[in-house]
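The report below takes up the fold, the internal spaces and two individual residues of one protein. Please keep the sequence and the model in view while reading.

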Amino acid sequence: MRDSFHTRLGFILAAAGSAIGLGNIWGFPTQVANHGGAAFLLVYLVVIVVLAVPALYTELSIGHAAQANPVKALTVLSQTSRPITAASGKTIGYLNVIGAVLMLSFYHLVAAWMVAEGLTSLLTALNLTALTHWTDTPSILRDIILLLVFVAFTFGIVINGVQNGIERWARRLMPLLVVLLLGLIAFIGTLPGASDGFRAYLVPDFSSMWSADLIVSAMGQAFFSLSIGLGGMMIYGSYLSKGTRLGRLTWSVAALDTLVAFLAGLLIIPALYVAMAQGLSVTEGEQLIGEGRLIFQVLPDLFEQLGAAGAWLGFGFFALLSIAALTSTIATAEVPIAYAIETHQVSRRKAAGIIAGCISLIGCALVIWFEPLFTWVVTYVTQFQLPLSGLFYFIVLGWFWQRSNRVRELASTQWRYRLLFWHLRLVCPLLLAWVFVDVAL
């Protein structure tokens, strides 16, 4: 008997935790700042409704209908009179499993850097600065040890299954993440320069609202922020009972993810303006610094300038990022684990051990041969695998999947469902193809 979620709330927290990752914390805020402030936010909210929620619903529906891992689910639901469609489904399914393993490898390395920064801040706050040399000095040994520690956390949770592992920890980690986020926003809001950051974030520049660059950036961010395209949501959908109605659950997950992304903007953008008030450089040309340099250079420099309070702020911030990373890794880890259990009939413990070992080996390889392996893996997963898989999910739901396709069945009964079906069948694939071309070329 397949494991399953015990409650709707447990599913919502787990699925939202999967979606709430580093893209929300460091990607979304700088996208907003560099694309017209609240103008980007308004377009983003529209895109969430038009593209991201349908994509999330589509991935959940495929897993829910097939009650299986991505390889089996996409193979079964892609079966038509032409054998090539089932073959293409199986291929994308295998790419999902491979992509999930690669994503976990680089994600655990980034998480290791966050743990190092958090430990450095904590030791500084406790006046144990003599111990910070190891955590604050980049080295192959440090990165490998902390990567393995984070892998142990991830698989220590998923080895206990859906109810006793994923769902139980989602109920603990998600409220802690939101509390930390709100506390950090409140603290940053008291510092000089924060009010300018709130203004830049919340006051729209409507002159840039209709630019093609802003719209495609909003579509890409909305799609990526919901963790669509690696099969994690498909697996979670398969762990829902057959009679579950997915519509409201989809909206709940998307709403919670969007709320956390919005709150992350209320933290990161004011923090950048506080850094400017402290005399730190936070721009490259006319653009605010984002992503890696923002997290591992600008903000640590800011925390250091704020003295003892800054050390505690830094610890809280990197604890927040580590929790966001962990909620994402436990969802993605379920993709290869479910494949191994269902296809090769191994126990969950054995599957988790094998997958953890593979991820540890690849992660260590990324540490040792950082250039060019790390950049290649990140580029493959984020710019190729995610949009390609998301596009294929729409094709499966709209064109390949014939039997037990609820959206198709409802489309024959009411005009609003007919509009929804054609939106999923035609409009969403075209929009996602636009995103794919934009990020891949």
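In which helix does Y44 lie? Y44 lies in helix α3, where helices (H or I, at least four residues) and strands (E, at least two) are DSSP runs numbered from the N terminus. This is a predicted model, in which local features need pLDDT of at least 70 and side-chain atom pairs count only at pLDDT 80 or more, while totals for chains, interfaces and linings use all residues. Residues are numbered from 1 along each chain as its sequence is written, and side-chain values use heavy atoms, with hydrogens and water left out.

**Overall fold**

The secondary structure of the protein comes to 18 helices and two strands. The radius of gyration, taken over C-alpha atoms, is 21 Å, close to the 22 Å that the globule rule gives for 441 residues, so the protein is as compact as a globular protein of that length; the rule itself is 2.2 Å times the number of residues to the power 0.38. Along its principal axes the C-alpha trace spans about 65 × 55 × 40 Å. Of the 441 residues, 56% count as buried, a term for under 20% relative accessible area, as against over 50% for exposed and the range in between for partly exposed (1.4 Å probe, protein chains only). Among contacts (heavy atoms within 4.5 Å) with a separation of 6 or more, residues 24 or more positions apart account for 82%. The protein exposes about 18,100 Å², of which carbon and sulfur atoms supply 66%, by the Shrake-Rupley method with a 1.4 Å probe, only the protein chains shown counting as cover for residues.

**Two buried residues**

Y44 is buried, with a relative accessible area of 0%. Leaving aside neighbours within four places in sequence, Y44 is in contact with F28, A218, Q221, A222, S225, D257, T258 and A261. S217, which lies in helix α10 (residues 212–225), is buried with a relative accessible area of 13%, and with the same neighbours left aside S217 is in contact with Q31, H35 and F40.

**Cavity and pocket**

On a 1 Å grid over the protein atoms alone, a cavity is a set of points where a 1.4 Å probe fits but cannot get out, whereas a pocket is an open set with protein on both sides within 12 Å along at least five of seven lines; lining residues have an atom within 4 Å of a point. Grid points are joined across faces, edges and corners, and a volume is the space filled by probe spheres set on the points. A search of the whole structure finds one cavity of 30 Å³ or more.

| Space | Volume | Nonpolar | Polar | Charged |
|---|---|---|---|---|
| Largest cavity | about 50 Å³ | nine residues | no residues | no residues |
| Second largest pocket | about 770 Å³ | 13 residues | eight residues | six residues |

In these classes Ala, Val, Leu, Ile, Met, Phe, Trp, Tyr, Cys and Pro count as nonpolar, Asp, Glu, Lys and Arg as charged, and the others, Gly among them, as polar. The largest cavity is lined by L184, I188, L267, I268, A271, L299, F303, L313 and F317, and the elements giving two or more residues to this lining are α8 (161–188), α12 (246–277), α13 (291–305) and α14 (307–344). The largest share, three residues, comes from α12. One of the lining residues, L267, is 223 residues from Y44 in sequence and 18 Å from Y44 in space, C-alpha to C-alpha.

The second largest pocket is lined by 27 residues, of which Y57, L246, G247, V407 and L420 lie nearest its centre. Helix α3 gives the most to this lining, with seven residues.
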